[in-house]
Amino acid sequence: MSTETPFVHRNLPRLLLEAREAVMQHTRPSLREHGLSDQQWRVLRVLGEHAREPGGVETGRVAREALLLGPSLTGVLTRMERDGLITRARCPQDARRTVVRATPAGLKLVRTLSLTIEAHYAWMEERLGKAQLAQLYALLDQVIALEAPLGEDAIENQGEDATE
């Protein structure tokens with residue numbers, strides 16, 4: 001019996017997780033300095049990106065864009081609401097749904113942290129080059145689109161460790 005593995009390709013999910021952790025090593029200290037977990041930051045970033053939406057952002061959309069499972073999102077939002085970073089309300093069009101908004105304090109934190117994060121991205125761009133960083137983004141977008149048929153069902157069924 002052969003001791004060689006049957007794998008021909010490198011472990012892409014592991015490489016993507018390693019790349020994520022390498023990037024987060026630069027971001028995480030700033031998050032912790034402001035008392036945020038990775039998940040809380042992902043929620044704030046989503047809310048910051050949609051801050052101009054007057055009705056807020058439906059929690060299902062927050063979960064999808066922040067890559068959080070529903071039960072995890074509920075706990076994250078509870079802590080963030082307690083800390084004055086977000087507000088939750090019933091959706092005016094459908095009372096069964098909840099919408100979320102970043103508070104002024106939450107948006108201020110997004111602006112503050114975006115400076116650190118954008119500085120790190122500028123550093124990456126300087127090291128990799130603008131073209132290679134753009135290529136990396138394009139390749140990642142292509143992989144995401146390629147795997148999209150698995151899409152939201154796969155995200156809802158994956159373990160939390162993969163999405164943190």
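Of the 164 residues in this predicted model, 29% count as buried. The protein exposes about 11300 Å². Carbon and sulfur atoms supply 57% of that area. Contacts between residues 24 or more positions apart make up 52% of those with a separation of 6 or more.

The protein has seven helices and three strands. Along the sequence they follow the pattern α-α-β-α-α-β-β-α-α-α.

Confidence comes next. The mean pLDDT of the protein is 89. A value of 70 or more is reached by 90% of the residues. Among the elements, helix α2 has the highest mean pLDDT, 97. Helix α7, residues 151–157, has the lowest, 48. Over residues 154–164 the pLDDT is below 50. Beyond near neighbours in sequence, that stretch has 14 contacts in the model. Where pLDDT is low, the predicted coordinates should not be read in detail.

Now the interior. The largest nonpolar core has 25 residues. Leu 36, Trp 41, Val 43, Leu 44 and Leu 47 have the most contacts inside it. Several elements give two or more residues to this core: α1, α2, α3 (59–66), α4 (70–82), β3 (98–102) and α5 (104–128). Helix α2 gives the most, with five residues. Leu 36 shows how such contacts run through the sequence. Setting aside neighbours within four places, Leu 36 is in contact with Leu 31, Trp 41, Leu 44, Leu 85, Leu 109 and Leu 113.

Helix α2 also carries charged residues. It spans residues 38–49, and Asp 38 lies in it. Is Asp 38 buried or exposed? Its relative accessibility is 7%, so Asp 38 counts as buried, the cut-off being under 20%. Not counting residues up to four places away in sequence, Asp 38 touches Arg 20, Met 24, Arg 28, Leu 31 and Arg 32.

One of these contacts is a salt bridge. The side chains of Arg 28 and Asp 38 meet at 2.8 Å, N to O. Arg 28 lies in helix α1, residues 12–33, and Asp 38 in helix α2, so the pair ties together parts that are ten residues apart in sequence. Arg 28 has 19% relative accessibility and therefore counts as buried, too. Side chains of opposite charge can pair when their charged atoms come close.

The Arg 28–Asp 38 pair does not stand alone: Arg 20, Glu 21, Arg 28, Arg 32 and Asp 38 are linked in a network of salt bridges. Within this group, the side chains of Arg 20 and Glu 21 meet in a salt bridge at 2.6 Å, N to O. Arg 20 is partly exposed, with a relative accessible area of 24%. Glu 21 is partly exposed as well, at 33%. The network thus includes partly exposed Arg 20 and buried Asp 38.

Which residue forms a salt bridge with Arg 45? The partner is Glu 49, with the closest N and O atoms 2.9 Å apart. Arg 45 and Glu 49 both lie in helix α2. They are four residues apart, about one turn of the helix. Arg 45 is partly exposed, with a relative accessible area of 32%. In total, the structure holds 15 salt bridges.

Helix α2 recurs throughout this account. It has the highest mean pLDDT among the elements. It gives the most residues to the largest nonpolar core. It also holds Asp 38, whose side chain meets that of Arg 28 in a salt bridge.

How values were computed. Residues numbered from 1 in each chain as written. Predicted model: local features only at pLDDT ≥ 70, side-chain atom pairs only at ≥ 80, totals over all residues. Heavy atoms only, no water. Buried < 20%, exposed > 50% of the residue type's maximum accessible area, 1.4 Å probe, protein only. Contact = heavy atoms within 4.5 Å. pLDDT = per-residue confidence, 0-100. Salt bridge = Lys/Arg side-chain N within 4 Å of Asp/Glu carboxyl O. Core = buried A, V, L, I, M, F, W, Y, C linked by side-chain atoms within 4.5 Å. Areas by Shrake-Rupley, 256 points an atom, 1.4 Å probe, with all protein chains shown as cover.
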